[in-house]
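Got your viewer open? Load the model below and we'll walk through it together.

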Amino acid sequence: MRIHWRAVWPACLLIAAGAAGALSQTVAQAHCAICFENRQPSSGVNFVLDNGTTPDKPMIDGIPGGVALLDYDNDGYLDIFFTNGAGIPSLSKDGPQFSNRLYRNNHDGTFTDVTEKAGLGGVGYSIGAAAADYDNDGWTDLYVTGVNRNILYHNNHDGTFTDVTAKAGVTGVDENGKKLLSVSAAWVDYDNDGLLDLFVTNYIDWTLQNSKLCGPVGRRLSCSPSLYNGEPNILYHNNGDGTFTDVSAAMGISSQIGKGMGVAIADYNGDGWMDIFVANDNERNFLFRNNHGKSFDEVGVEAGVAYTEDGIPVSSMGVGFADYRNDGRPGIFITALGGETFPLFRNVGDGLFNSDTYPAKLGFPSYKMSGWGTAMVDLDNDGYKDLFTANSHVSENADIDPRQHYRQPDAVFRNQRDGTFVDVSQQAGAAIASPAAHRGAAFGDLNNDGRVDVVVSAIHSPAELLYNTGGVGNHWILIQTTGTKSNRDGIGTQIKITSQSGAVQFGQVTTAGSYASSSDKRVHFGLGKDTMIREIELRWPSGTVQRLRNVKADQILKVTEGAS
């Protein structure tokens, strides 16, 4: 997180008092394409991210905390899990304010805290979360990353989880026995054997003993990661018996030393094998090309995604890896610190990307922002993926510089369907304009109304439950996959839809992406005015190709591999 201070545009808060103000906001939202309401105050979700910061501002206090949206009880509704920090220097959850939290969705806009019953309060300084069914038993499990301690929780099918980390062999300790500072994780079936493997990003060689001080007493700033050595990432192969094997060296992963933050997966070259992108903080980004499950080659430089168009690395945080142009080729969007821009890379085929940041009109507006959680997702159901960023400066004392702000509003960039985006944050409502120390962001349909909602964590502020109220009049479909020959979640399945009007879109099944977070595994497509889908084509990791025809819009469609 390179020290790049910036000025923040003043937020235009659409807040008014009394009945007239409420009516004004209702009218405004009725006419906006992308709108959000923060329903946290009435939701029962009272989580506040506590980073345990101290006056010395150690590096770790800026990097929590992830959010996971998962249906842990298989009732068809997304529940919410938050990671939380710990005391410093103890790195222990010394009080309830540091507990990780699980909230069960009550189907009526409210949630119930079920952390204690579930056994997910956690230990140590937690950072990220990744959710998926790693043992193919039909229930979503959870992996939590952190400082010197990662935890794999197995879902017991009864509302509780069991810590199986040691037995599974996914402790986050490297091949030399060194404990690592892990930030993000991704579930990916890299060898298409029907079992989900686990990729973990590791950050820097930080300890309490080597922690650096930056800035004078009382005005400390978060130090640059350049003061610390980077760490290798880890790839665990799923053995199919509840255990994993560290194959990082054999697969060409651990030889690449970075400062890993966000991670996302996609088949960028269309060969049927999932590739892995790692956003590195102030180092070149990694793109691990999958060699048909046998090994990975790191090709970030050759592919054109390691650096910006100026040939420099940025403070890469979160990442989205999806097809934003509807051309069948997933592009890459990365959040960074102010003064660096948020890089957008357009996939031009043949394994190559072009820098699209300025052509897409993201350069100037993102230059003024510092971002963390993010996604490429269709927020107005018009059939094109938009961009969301959860924003904040990294350093709590950033406001010492009058041009900077620690707490920043989130941002929304609407896809203009011509390869460009426009910042519509001010039109999206007061929920987006509210400044906070935002961090992780997870994306999914909380109330099953066909619109993608966003849950955002914020340091020392209540989490935000941003319900999507836009896209009025547009249609949609949510596709929920169940693998039979492939992994049970269908992660890695490529989906192509051709709607009634002939419009074509592409998506994939994944829970990975954003920053330290895990999103809805159901694949969402906005359909605009089309009420029917002419064809849905699914290419499963097993190689099975499945086609469904004449599918009605506005439904959650459950698809089982091979079923007619």
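The tour goes from the whole chain to one strand pair and then to a single side chain.

Before you click, note that this is a predicted model, where local features need pLDDT of at least 70, side-chain atom pairs count only at pLDDT 80 or more, and totals for chains, interfaces and linings use all residues. Residues are numbered from 1 along each chain as its sequence is written, and side-chain values use heavy atoms, with hydrogens and water left out.

**Whole protein.** Show the C-alpha trace: it spans about 65 × 60 × 50 Å along its principal axes. Switch to cartoon and you have six helices and 37 strands (DSSP runs, H or I of at least four residues for helices, E of at least two for strands, numbered from the N terminus). Of the 564 residues, 63% count as buried (under 20% relative accessible area, 1.4 Å probe, protein chains only).

**Strand β28.** Select residues 438-444: seven of the seven residues in β28 are buried. Now add β29, residues 453-458, which pairs with β28 in the antiparallel sense over five bridges (pairing takes at least two DSSP bridges). Zoom in on F443 and you'll find V454 of β29 opposite.

**N347.** Next, pick N347 in strand β22, residues 344-349. Buried or exposed? N347 is buried, at a relative accessible area of 2%. What do the polar atoms of its side chain meet? One lies 3.1 Å from the backbone oxygen of P330, and the backbone nitrogen of G349 lies 3.0 Å from a polar atom of that side chain. Finally, show the residues in contact with N347 beyond four places in sequence, among them Y268, D327 and F353 (contact means heavy atoms within 4.5 Å).

Key:
Buried < 20%, exposed > 50% of the residue type's maximum accessible area, 1.4 Å probe, protein only. Polar contact = N/O pair within 3.5 Å; in protein donor to acceptor, adjacent residues only side chain to side chain.
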